[in-house]
Amino acid sequence: RPIGVSDEFYKKGKAGCGHSNLAMGRGGLLGAVDMWMFDSDRRNIDRLGHRRWVINPSTKQVGFGTFGKFSAHWSLDRARGKSTPDFDYVAYPCPGYQPMRFFKSRWAWCVSLNPKKYAAPAKGTAKATIRPAGFKFEKSPQPLELDYQNVSNAGFGVKYCIIFRPRTLPMAPGARYWVEISGIKTKAGEDAKLEYIVEFVP
């Protein structure tokens, strides 16, 4: 507890930090959000914990704070409870149109599966494939080479998460990609597969 800080204020600050994504840098809150969504450095890519809290669909209460070069995002929240949308999965970049200013070529991709619908994915079994898609959404026979793949079933946001990243990702307005997730099972133990398209837009 810093000198001059009351016990009451210190306890609130400690609780806030303990329930938040934290960042240190010169970019303020905007830069901090980019850092949490990037999460693809070697210390974080194996779990993408900050990002998964940001895009957690069961979040209800959110708060942001900044002081000097420090920023916080009240994120460890599942207050929606039973009112959480009945989703199949949460992916980033998102299915459909993805603004290029919110995603860069060296950022990891991720798909988090709803634990109410899917069994825990297994590392080495759950596989992701990214294929370029043509003007008529036809799939390229040659997928992009991945330089990273992992599965994290830790309790960050939605706990079943498949993480992957292409070695190179050509990005331009209108660039389309088919994403396929295989080697996963439903909660009932049946084989499952996910497919969706991401199109980058200005």
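These are legends for several close-up views of a predicted model.

**View 1. Thr186, just past the end of strand S10.** Let's start in the loop that links strand S10 (176–185) to strand S11 (191–201), which is where Thr186 is found. Is Thr186 buried or exposed? Its relative accessible area is 19%, and the cut-off for buried is under 20%, so Thr186 counts as buried. Setting aside residues up to four places away in sequence, Thr186 touches Lys117, Tyr118, Ala119 and Ala192.

**View 2. The S10–S11 hairpin.** Zoom out a little from Thr186 and you get the hairpin made by S10 and S11, with 5 residues between the two strands. In the turn, Gly189 has a positive phi of about 90 degrees. S10 and S11 run antiparallel and are joined by 8 bridges. One pair to look for is Ile184, which stands opposite Ala192 in S11. Ala192 also turns up among the residues that Thr186 touches.

**View 3. Strand S10 and its other partner, S7.** On to strand S7 (residues 127–133), which pairs with S10 in the antiparallel sense over 7 bridges. Which residue of S10 is the bridge partner of Pro132? That's Tyr177. As for burial, 7 of the 10 residues of S10 are buried, so the strand is largely enclosed by the rest of the structure.

**View 4. The open sheet that holds S10.** Here 4 strands line up in the order S5-S11-S10-S7, with mixed pairing. Strand S5 (96–99) and S7 sit at the edges with a single partner strand each, so each has one side without a neighbour in the sheet. From one strand to the next, the twist averages 30 degrees.

**View 5. The largest nonpolar core, with Ile184 in close-up.** In soluble globular proteins, nonpolar side chains tend to be buried together. In this model, the largest nonpolar core has 34 residues, and those with the most contacts inside it are Trp109, Phe164, Ile181 and Ile184. At least two residues of this core come from each of strand S4 (89–92), strand S6 (109–113), S7, strand S9 (160–166), S10 and S11. Now pick out Ile184: leaving aside neighbours within four places in sequence, its contacts include Leu113, Tyr118, Pro121, Ala126 and Ile162. Ile184 is also in contact with Glu190, Asp191, Ala192, Lys193 and Leu194.

**View 6. The antiparallel open sheet.** Another set of 4 strands forms an open sheet, this one in the order S4-S6-S9-S8 with antiparallel pairing. S4 and strand S8 (146–152) are at the edges, and each has a single partner strand, so one side of each lacks a neighbour in the sheet. The twist averages 10 degrees from one strand to the next. Looking at one pairing, S4 and S6 are joined by 4 bridges in the antiparallel sense, and the bridge partner of Tyr92 in S6 is Cys110.

**View 7. Helix H2 and what covers it.** Which residues are buried in helix H2 (residues 28–38)? Gly31, Ala32, Trp36 and Met37 are. The cover over the buried residues of H2 includes strand S1 (20–24), helix H3 (49–54), strand S2 (63–67), strand S3 (70–74) and S4. After H2 comes Asp39, with a positive phi near 50 degrees.

Notes. Residues numbered from 1 in each chain as written. Predicted model: local features only at pLDDT ≥ 70, side-chain atom pairs only at ≥ 80, totals over all residues. Heavy atoms only, no water. Buried < 20%, exposed > 50% of the residue type's maximum accessible area, 1.4 Å probe, protein only. Contact = heavy atoms within 4.5 Å. Pairing = 2+ DSSP bridges. Core = buried A, V, L, I, M, F, W, Y, C linked by side-chain atoms within 4.5 Å. Axes fitted to C-alpha atoms, helices over the stretch in contact; angles between N-to-C directions.
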